[in-house]
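Trainee: Before we discuss anything, could I have the sequence and the structure in front of us, so that each point can be followed on the model itself?

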Amino acid sequence: MTSKYAETYQSWKTDQEGFWERAASEIDWLSKGGTVFAPDQGQYGRWFPDWECNTCYNCLDRHVERGRRGQPALIYDSPITGQQASYTYEELLDRVQAMAGVMQDQGIGKGDRVIIYMPMIPEAAMAMLACARLGAIHSVVFGGFAAHELATRIDDATPKAIIAASCGIEPGRVVAYKPLIDAAIDQAGHKPETCLVIQREQQLAELKPGRDHDLGALMDEELAEGRTVPCVPVKATDPLYVLYTSGTTGQPKGVVRDNGGHMVALKWSMSNLYGIDPGEVFWAASDVGWVVGHSYIVYAPLLHGCTTIVFEGKPVGTPDAGVFWRVISEHSVVSLFTAPTAFRAIRKEDPEGKLISEYDLSQFRSLFLAGERADPETVNWAAEQLQVPIVDHWWQTETGWCMVGNPLGLGRLPVKPGSPTVPMPGYDVQILDDAGHPLAADTLGNIVVKLPLPPGCLPTLWNADQRFHDAYLAEFPGYYKTSDAGIIDADGYLSIMSRTDDIINVAGHRLSTGAMEEVLATHPDVAECAVIGIADKLKGQLPCGFAVLKAGVNRPHEEIEAELIKLVRDQIGPVAAFKIAVTVDRLPKTRSGKILRGTMRQIADKEEYKMPATIDDPAILDEISEALAAHGIGGAG
Ligand code: COA
Ligand code: AMP
């Protein structure tokens with residue numbers, strides 16, 4: 001098939017508003033209020049400013065009303081507990097209404113914030129949809145974050161309620177969520193009024209009388225009564241959710257997603273980018289705590305009338321590296337979306353793909369990868385083993401959907417290894433130098449997107465318009481700064497090379513080294529510290545912390561290093577995967593006092609490095625090299 005990409009992209013360029021107005025016809029609106037884009041509103045304009053809608057209605061009710069009542073909407077597959085369940089569109093709608101009813105009885109309504117802290121169970125998706133139904137704004141916090149991170153989000157989002165499960169289950173351990181929630185509420189200045197808890201049999205939570213409620217039991221009552229809860233009309237520009245993501249400091253950024261533009265963009269992406277038809281089974285093997293989970297476990301597949309999969313397990317070890325193939329074949333998945341790390345993990349366990357041949361994957365059509373760099377070695381292995389198109393695509397929590405990809409629905413374009421291919425309609429992606437001048441093809445520079453951003457992208461940060469402006473719009477006026485660096489070749493193909501800030505990517509999880517430095521600095525023996533991301537064959541990057549101890553500290557350094565590791569796990573959470581702490585006498589700096597993190601990373605990664613011209617004392621680099629070698633890392637460059 002000849003790709004319709006070029007003509008589609010051109011039609012967007014010629015008439016942006018017309019393009020998105022046509023895409024918006026796929027959504028059911030309560031009212032269409034005239035203008036499609038208001039350039040003078042918000043931080044860079046607003047999409048569908050006066051249109052009214054409800055996201056839950058578009059995800060559930062309209063499918064029940066129009067022939068999908070008995071189709072599975074959500075399949076829960078949990079190799080970690082051995083459980084499975086399937087909910088038709090009608091059953092999912094009933095449960096979402098039951099949950100919305102419970103929430104309504106707790107006084108939760110339009111505009112209220114609700115934090116959702118849950119593992120990968122169906123109730124997590126139900127909670128998101130119930131919020132959407134009521135016009136409440138959800139903020140899902142990933143289960144691998146510790147109490148302190150949860151407290152930070154509680155204080156920023158000031159939620160009326162927390163919806164949680166009693167525990168999550170990780171290989172070999174049950175993670176009790178309730179004590180983490182109690183600790184977070186203790187730490188936070190803001191106190192949520194209500195905590196609604198799904199009791200899981202693996203570990204029941206203790207419920208504080210008055211504040212905490214057994215959500216499952218209350219939902220059962222609502223279901224028995226057949227409670228219906230109407231969808232609350234919201235403006236397209238009203239927030240659907242706030243999702244916190246790592247910034248350059250310990251204060252995460254609350255990415256705001258609106259209702260209307262989000263639906264329009266996601267619906268468009270399902271057919272045109274992912275090439276999926278309504279009724280098919282789409283599986284994003286991620287977590288609802290991440291943007292991929294928001295967009296492609298919950299909202300996009302349901303908006304499109306697909307069946308989605310909520311998978312509670314890991315690519316390996318639950319029970320083996322064949323679990324992805326089992327899920328694909330058992331549930332007739334046509335397309336899988338995951339992070340390259342998952343495939344690196346599978347390949348490590350099953351390099352010859354023997355487990356793949358045990359399953360019938362005949363209906364499986366495509367694999368989408370995002371969240372981190374898709375290394376060509378892993379992509380080639382996956383292509384050889386699966387014999388389907390492997391599509392690398394690039395996006396961010398901020399954008400909510402793909403910026404650059406290979407649109408299977410429009411017709412696949414030739415693949416260039418290492419490149420996620422071309423910009424989607426909506427994104428005019430350019431490369432600028434640090435002074436903001438456009439760069440020639442094949443020249444490395446800052447990747448920016450010409451404003452306005454398309455529907456679906458963040459309009460601002462939660463309660464932080466100025467921070468939004470400073471972080472994304474100020475440096476390159478007229479453009480959105482992605483904080484990624486890369487090149488565009490003469491054919492318009494983009495390659496992502498690195499971040500331009502201190503964000504690292506660990507197993508597809510976005511983490512801030514600045515936030516980790518803030519934690520290390522709180523240790524009473526630490527005078528100064530630096531955290532860098534070093535290369536890791538499985539997880540892409542791993543954090544590595546350096547600490548200079550205060551004068552007079554004479555405890556064993558290994559003891560302090562172990563305390564530093566525990567501190568980051570306790571403060572940020574296990575997801576930080578912070579397992580390397582190195583005490584050193586001094587940190588390498590420029591004469592003006594800037595820590596040479598880039599050179600330290602090159603030493604750790606055994607890359608060739610040039611002695612920085614401005615270095616204060618070159619001998620320190622040898623000390624770093626020796627300290628790393630003592631921890632089994634790197635060597636002299
Ligand atoms: N709740 C509590 N703890 C969690 C958690 C959760 N939801 N998710 C992860 N953790 C813990 C893990 O148990 C692990 O703890 P440990 O240090 O005690 O072993 C730690 O956080 C680090 O987790 P992770 O980086 O995921 O590593 P892992 O060793 O458990 O698994 C992979 C490695 C590659 C299998 C796993 O990272 C993976 O499946 N990656 C896919 C990437 C992905 O889904 N990305 C989402 C964006 S698309
Ligand atoms: P997140 O907000 O967690 O989705 O992380 C976004 C960041 O992950 C981007 O800014 C990139 O640095 C990186 N990233 C995401 N997708 C890709 C990709 N396909 N190739 C390279 N890097 C990617």
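What follows is a set of questions and answers on the two ligands, the aromatic rings and a few single residues of this predicted model.

Trainee: Starting with ligand 2, which side chain has a polar atom 2.5 Å from an oxygen atom of this ligand?

Mentor: Of the 14 residues around ligand 2, Asp392, Thr397, Asp484, Arg499 and Arg510 come nearest. An oxygen atom of the ligand is 2.7 Å from an N or O atom in the side chain of Arg510, and another such separation, 3.2 Å, involves a polar side-chain atom of Asn505. The value of 2.5 Å belongs to a polar side-chain atom of Thr397.

Trainee: How much of the accessible area of ligand 2 does the protein cover?

Mentor: The side chains just named, Thr397, Asn505 and Arg510, each place a polar atom by an oxygen of this ligand. On its own, ligand 2 has 490 Å² of accessible area, and the share of that area covered by the protein is 92%.

Trainee: How many residues of the shell around ligand 2 are charged?

Mentor: The shell has 3 nonpolar and 5 polar residues. The remaining class, the charged one, has 6 residues.

Trainee: Turning to ligand 1, what is the distance between an oxygen atom of this ligand and a polar side-chain atom of Glu170?

Mentor: Ligand 1 is surrounded by 23 residues, of which Glu170, Arg173, Lys539, Arg569 and Lys579 are the closest. An N or O atom in the side chain of Arg173 is 2.7 Å from an oxygen atom of ligand 1, while for a polar side-chain atom of Lys314 the corresponding distance is 3.3 Å. For Glu170, the distance is 2.5 Å.

Trainee: What share of the accessible area of ligand 1 is covered by the protein, and how many nonpolar residues are in the shell?

Mentor: Taken on its own, ligand 1 has 930 Å² of accessible area, and the protein covers 83% of it. By class, the shell around this ligand has 6 polar and 6 charged residues, and its count of nonpolar residues is 11.

Trainee: Among the aromatic pairs, what is the arrangement of Phe19 and Trp20?

Mentor: The count for the model comes to 34 aromatic pairs. A pair of aromatic rings is described by the distance of the centres and the angle of the planes. For Phe19 and Trp20 the centres are 4.9 Å apart and the planes stand at 85 degrees, over the 60 degrees that the class requires, so the pair is edge-to-face.

Trainee: Why is the pair of Phe19 and Trp268 classed as tilted, and which helices does this pair link?

Mentor: The ring centres of Phe19 and Trp268 lie 5.9 Å apart with the planes at 55 degrees, an angle between the limits of 30 and 60 degrees, so the pair is tilted. Phe19 is buried at a relative accessible area of 6%, and Trp268 is buried at 9%. The two residues are 249 residues apart and link distant parts of the chain, namely helix α2 (residues 16–24) and helix α9 (residues 260–272).

Trainee: Which ring has the charged end of Lys416 over it?

Mentor: Arg153 offers one case of a charge over a ring, with its charged end 4.6 Å from the centre of the ring of Phe145. In the case of Lys416, the charged end sits 4.6 Å from the ring centre, and the ring belongs to Tyr493.

Trainee: Is Lys481 buried or exposed, and which side chain does it contact?

Mentor: Lys481 belongs to strand β25 (residues 479–488). Its relative accessible area of 17% is under the cut-off of 20%, so Lys481 is buried. A polar contact of 2.8 Å joins its side chain to that of Glu475.

Trainee: Which residue shares a polar contact of 2.7 Å with Asp525?

Mentor: Asp525 is placed in the loop between α15 (513–520) and β29 (526–536). With 13% relative accessibility, Asp525 counts as buried. The side chain that its own side chain meets in this polar contact of 2.7 Å is that of Arg555.

Trainee: How far apart are the C-alpha atoms of Gln571 and Ala147?

Mentor: Gln571 lies in helix α16 (residues 557–571) and, at 26% relative accessibility, counts as partly exposed. Along the chain, Gln571 and Ala147 are 424 residues apart, yet their C-alpha atoms are separated by 7.0 Å.

Key
Residues numbered from 1 in each chain as written. Chains lettered and ligands numbered in written order. Predicted model: local features only at pLDDT ≥ 70, side-chain atom pairs only at ≥ 80, totals over all residues. Heavy atoms only, no water. Near = heavy atom within 4 Å. Polar contact = N/O pair within 3.5 Å; in protein donor to acceptor, adjacent residues only side chain to side chain. Areas by Shrake-Rupley, 256 points an atom, 1.4 Å probe, with all protein chains shown as cover. Nonpolar A, V, L, I, M, F, W, Y, C, P; charged D, E, K, R; others polar. Phe/Tyr/Trp six-rings, centres within 6.5 Å; stacked < 30°, edge-to-face > 60°. Helix = DSSP H or I, 4+ residues; strand = E, 2+ residues; numbered from the N terminus. Buried < 20%, exposed > 50% of the residue type's maximum accessible area, 1.4 Å probe, protein only. Lys NZ or Arg CZ within 6 Å of the ring centre and 35° of its normal.
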